Amino acid sequence: IMSGPPSPSPTRWFKALRTRPGEPCLRTYPLECVDLLRRARIAFQAGRTLKEGFRLAQLEAVVRMLEEHECDFVDALGRDLHKPRFETVVFELITVKNEALHAISNLKKWMEPSTSLDECLVISEPLGVVFIMGTWCSPVQMCLVPLVGAIAADCALISPSEYTVHTAELLHRLVPFYLDNECFHVILAGISDLSEIVELKFDHVFFTNREDGSRIAVAAARTLTPVTLILGGKNPCYVDQHCDITTTVQRIAWARFHNAGQSIRAPSYILCHTDVKARLVQALKCCLMQFYGPDPRESRSFGRMVNLEIFNRTRELLWRSGKVVAGGQVTEGEKYIPTVLVEVAESDPIMQQEVFGPVLPILTVNDVDEAIAFINKQEKPLCVYAYSTNNKVISRLMSETSSGSFCSNDCIFQSLMVALPFGGVACGMGSFHGRYSFDTFSHRKACLLRGTRFECVTYLRYPPYEDRNLSLMTWACTLSQKSQGWCQIM
């Protein structure tokens, strides 16, 4: 049963109690988190989250919250990131709803023990109370998608990014009127407070932000708390000479410039085959004109960077790298900086750091071997993308490079599939989505159920040890190695 004020219509509660536009919610300090953590742990220890019915009710409440407050989320993300309504609905709200509906459909199966042999079970046991820290790039998606996995298993504290203040405040107001008030809490904490909060000892920590990832990992290590770190990096995108150039350019341009380039999944740079560079650049110019018009500043489909700090960092990298062939107009007041660069060198600043902005560098390679060698020289990326109509080229990029995920002839969508895990191989640790989120927030407990009927055989393992008993045990083990892996008479 959900605690807190019961309401047949959380929408009416929210409208009655919401603060005036622009009025900030109170910041949550570490001392307050101690009490929230205590309440969540008491609820967990009381078995509140163990029942399938409770978990389903919470997941259904997430779906209702998104449906009933779509306009509020569109407004908040519009104010935080100038995010178009289309991008908010499709890539924030629908993504979370798909995740929740997938969990609702599969929760019963996930909760069932998996069997191995007649006497062995693996039980998915909830970890307890988890701490989820979202990111400003996808502030709804990266808070609520992991929360779906946590709801399917645990209690949770959620900390939206302080950079997207309107979205954070909206989640802070909405969640208490949809989810259980003892098991799930939203806090508004600054990045400077997160390490101290992590040290309060949660049962798992989920974090998305490369800059602060190591600091969070160190704080979690002090209390031996397991962590999932979803960190970004430089995602390469190889464009082969054998590809559909129009479709390739449209998909890359959309992926790089949607949400004003602020995505850990977007292609960071193009490795373009020399033979197709001129056509690629020309097609990019035409595509950007088609997407955003002659002046993207006037387009309702183009977002803005989240704050001046991110904007200025991107501008500094841009000015010291390559040559501008498209865009290049910089407007500080609007945090506007869409740019395509050519003649970029591997040593240029734009290639040395992760860039959260609408900047697309283009480098050239002579063949797929050079592209693979270039990718393998860098840190292992979160995503590798490859565009080619040649299946052998795709197969080579997929098998001869190492990355958190791979996608051919498109971008980003592999990270949205509920059937696929999403996470890094060296840029972070752990993964999430669908069943993988459920497993992240669960302990796979090994259980062996044995009887006492065969003690007349199992006595062979007991002292005093004799050669005859050892011979029998050795013989029995050789019989069971192929099918069972251990001697059943033990």
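Author: In this predicted model, a residue counts as buried if its relative accessible area is under 20%.

Reader: Which residues point one way from strand 11 and which the other way, and are they buried or exposed?

Author: In a regular strand the side chains alternate between the two faces of the sheet. Strand 11 spans residues 339-342, with Thr339 and Leu341 on one side and Val340 and Val342 pointing the other way. As to accessibility, all of these residues are buried.

Reader: How many bridges join strand 10 to strand 11, and which residue stands opposite lysine 323?

Author: Strand 10 (residues 323-327) and strand 11 run antiparallel and are joined by four bridges. Within strand 11, the residue opposite lysine 323 is valine 342.

Reader: What is the direction of strand 11 relative to strand 12, parallel or antiparallel, and which residue of strand 12 stands opposite threonine 339?

Author: Three bridges link strand 11 with strand 12 (residues 359-365), and the two run parallel. In strand 12, the residue opposite threonine 339 is valine 359.

Reader: Why are helix 3 and helix 6 described as roughly parallel or roughly antiparallel?

Author: The axes of helix 3 (residues 52-68) and helix 6 (residues 141-151) come within 9 Å and cross at roughly 160°. Angles over 145 degrees count as roughly antiparallel. Helix 3 and helix 6 are therefore roughly antiparallel.

Reader: Is the crossing of helix 3 and helix 6 left-handed or right-handed, and what classes of residue make the contact?

Author: The crossing is right-handed. Helix 3 contributes Arg55, Gln58, Leu59, Val62, Met65 and Leu66, and helix 6 contributes Leu144, Val148 and Ile151. By class, the contact comprises seven nonpolar, one polar and one charged residues.

Key:
Residues are numbered from 1 along each chain as its sequence is written. This is a predicted model: local features need pLDDT of at least 70, side-chain atom pairs count only at pLDDT 80 or more; totals for chains, interfaces and linings use all residues. Side-chain values use heavy atoms; hydrogens and water are left out. Axes are lines fitted to C-alpha atoms, for helices over the stretch in contact, and angles run from 0 to 180 degrees between N-to-C directions. Angles under 35 degrees count as roughly parallel, over 145 as roughly antiparallel, 65 to 115 as roughly perpendicular and the rest as oblique. A crossing is left-handed if the near helix is turned anticlockwise from the far one by less than a right angle, and right-handed if clockwise. Contact means heavy atoms within 4.5 Å. Ala, Val, Leu, Ile, Met, Phe, Trp, Tyr, Cys and Pro count as nonpolar, Asp, Glu, Lys and Arg as charged, and the others, Gly among them, as polar. Buried means under 20% relative accessible area, exposed over 50%, partly exposed in between (1.4 Å probe, protein chains only). Two strands pair if DSSP finds at least two bridges between them.
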